[in-house]
Amino acid sequence: MTTEKILITGALGQIGTELTNRLVEIHGAENVVASGLDRWQKNLTSAAYYERMDVSNTQLVRQVIKDYEITTVYHLASLLSGTSEKQPLFAWKLNIEPLLNFCEMAREGLISKIFWPSSIAVFGKGIPKENVGQDVVLNPTTVYGISKMAGEKWCEYYFDKHGVDVRSIRYPGLISWKTPAGGGTTDYAVEIFYEAIEEKKYKSYITENTAMPMLYMDDAIEATLQLMAAPKEKLTVHTSYNLGGMTFTPKELAAEIKKEIPEFEISYEADFRQKIAESWPASIDDSIAKKDWDLNYTFDISEMTKDMLKNLRIKLKK
Ligand SMILES: NC(=O)c1ccc[n+]([C@@H]2O[C@H](COP(=O)([O-])OP(=O)(O)OC[C@H]3O[C@@H](n4cnc5c(N)ncnc54)[C@H](O)[C@@H]3O)[C@@H](O)[C@H]2O)c1
């Protein structure tokens, strides 16, 4: 039997929704507290408890941690890359301060383990495009990337100085059929499937040959759980682990979709997110995660495309 009591922030978001369901499967609904900005509604989450909570409200967060005797926090609430550029100062505050509060609570012994996601947005300008290593110099050019880089350094600081067990993954773009994307640069790779089914065409805001690393949600969730289950002494990266997933361009993804929907057509009209995408790597070296905690993937581009279309057709009743 588990003794972990889990709090998830941002539990109603793209990752949170699916991670919450998996944590409930593993630990039982009674041991999982979901939290988010929205009001509680029936069937909102599979967790037994839901707290409507702004993560910036330090006092309330502490109270919730104490009330439920939380041991482990999956802190997912943040402003994503596209939205952060529109509200830079707010994004900085939201993406950093609550993380520090959780690290402080761990330092005080109130909680024992934290998961906090970083992003491939930390890499930035001047970094080699292909097979980007764990320890390259980070040079983010976006508010989101800067906040993730700083967050990573804070995680390492709290581990080094105070032994805080905070674990992190640099997620690439995540693709899922269950929940819509939340304002990230890689959202095109989710939207394209909806429009392929409904309209048989899609206008991509990322140009045809821009490659970005992507990961199917099932693989992202399993990787997160694997990292959190790994023995602490096996972990050698205390900033955030590289995760590569798969790499493809809008053109390559469109070709995969065309195999399943032959009449599908793609067109291109770049917007502000193209510049963000250009500052990101095309592929990532995740050999350290593979070595430290046996990271592995189930989905490639073709398996993912088939699974997305199959599930979205059911969801959209098409
Ligand atoms: N989805 C991706 O492709 C991706 C890639 C890399 C990293 N990440 C990181 O993973 C985490 C989760 O991402 P996601 O895609 O699920 O994002 P999302 O935007 O879908 O979900 C984030 C959730 O946080 C909530 N939230 C926002 N402000 C809040 C606040 N003040 N208090 C409480 N809740 C608040 C939102 O309402 C939303 O439900 C984020 O830290 C993000 O930076 C995501």
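A crossing of two helices is right-handed if the near helix is turned clockwise from the far one by less than a right angle. Keep that in mind for the exercises below, which use a predicted model.

**Exercise 1. Work out how H4 and H5 are arranged relative to each other.**

Step 1: Locate the helices. H4 covers residues 88–107 and H5 covers residues 143–162.

Step 2: Take the geometry. The two helices pack at an angle of about 15°, and their axes lie 9 Å apart.

Step 3: Classify the angle. Angles under 35 degrees count as roughly parallel, so H4 and H5 are roughly parallel to each other.

Step 4: Add the handedness. H4 and H5 cross in a right-handed sense.

Step 5: Look at who touches whom. On the H4 side the contact includes Trp92, Leu99 and Cys103, while H5 contributes, among others, Ala150, Trp154 and Cys155. Sorted by class, this contact has 14 nonpolar, four polar and two charged residues.

**Exercise 2. Cys103 and Cys155 both belong to the H4–H5 contact. Explain why their sulfurs are not bonded.**

Step 1: Find the closest partner. For the sulfur of Cys103, the closest cysteine sulfur is in Cys155, at 5.2 Å. Starting from Cys155 leads back to Cys103, again at 5.2 Å.

Step 2: Apply the cut-off. A disulfide needs the two sulfur atoms within 2.5 Å, so the sulfurs of Cys103 and Cys155 are too far apart for a bond.

Step 3: Check the surroundings. Cys103 counts as buried, at 0% relative accessibility, and Cys155 is buried with a relative accessible area of 0%.

Step 4: Widen the search. Across the whole structure, zero disulfides are found.

**Exercise 3. Describe how H6 packs with H11.**

Step 1: H6 (residues 188–198) and H11 (residues 301–315) pack at an angle of about 60°, with axes 10 Å apart.

Step 2: That angle makes H6 oblique to H11.

Step 3: The crossing of H6 and H11 is right-handed.

Step 4: Phe193, Tyr194 and Ile197 make the contact from H6, and the H11 residues include Met304, Met308 and Leu312. By class, there are seven nonpolar, one polar and two charged residues in this contact.

**Exercise 4. Decide whether Asp307 is buried or exposed, and list what Asp307 touches.**

Step 1: Place the residue. Asp307 sits in helix H11.

Step 2: Compare with the cut-off. Buried means under 20% relative accessible area, and Asp307, at 17%, therefore counts as buried.

Step 3: List the neighbours. Leaving out residues up to four places away in sequence, Asp307 touches Trp177, Tyr216 and Phe299.

Key:
Residues numbered from 1 in each chain as written. Predicted model: local features only at pLDDT ≥ 70, side-chain atom pairs only at ≥ 80, totals over all residues. Heavy atoms only, no water. Buried < 20%, exposed > 50% of the residue type's maximum accessible area, 1.4 Å probe, protein only. Axes fitted to C-alpha atoms, helices over the stretch in contact; angles between N-to-C directions. Helix = DSSP H or I, 4+ residues; strand = E, 2+ residues; numbered from the N terminus. Parallel < 35°, antiparallel > 145°, perpendicular 65-115°, else oblique. Contact = heavy atoms within 4.5 Å. Nonpolar A, V, L, I, M, F, W, Y, C, P; charged D, E, K, R; others polar.
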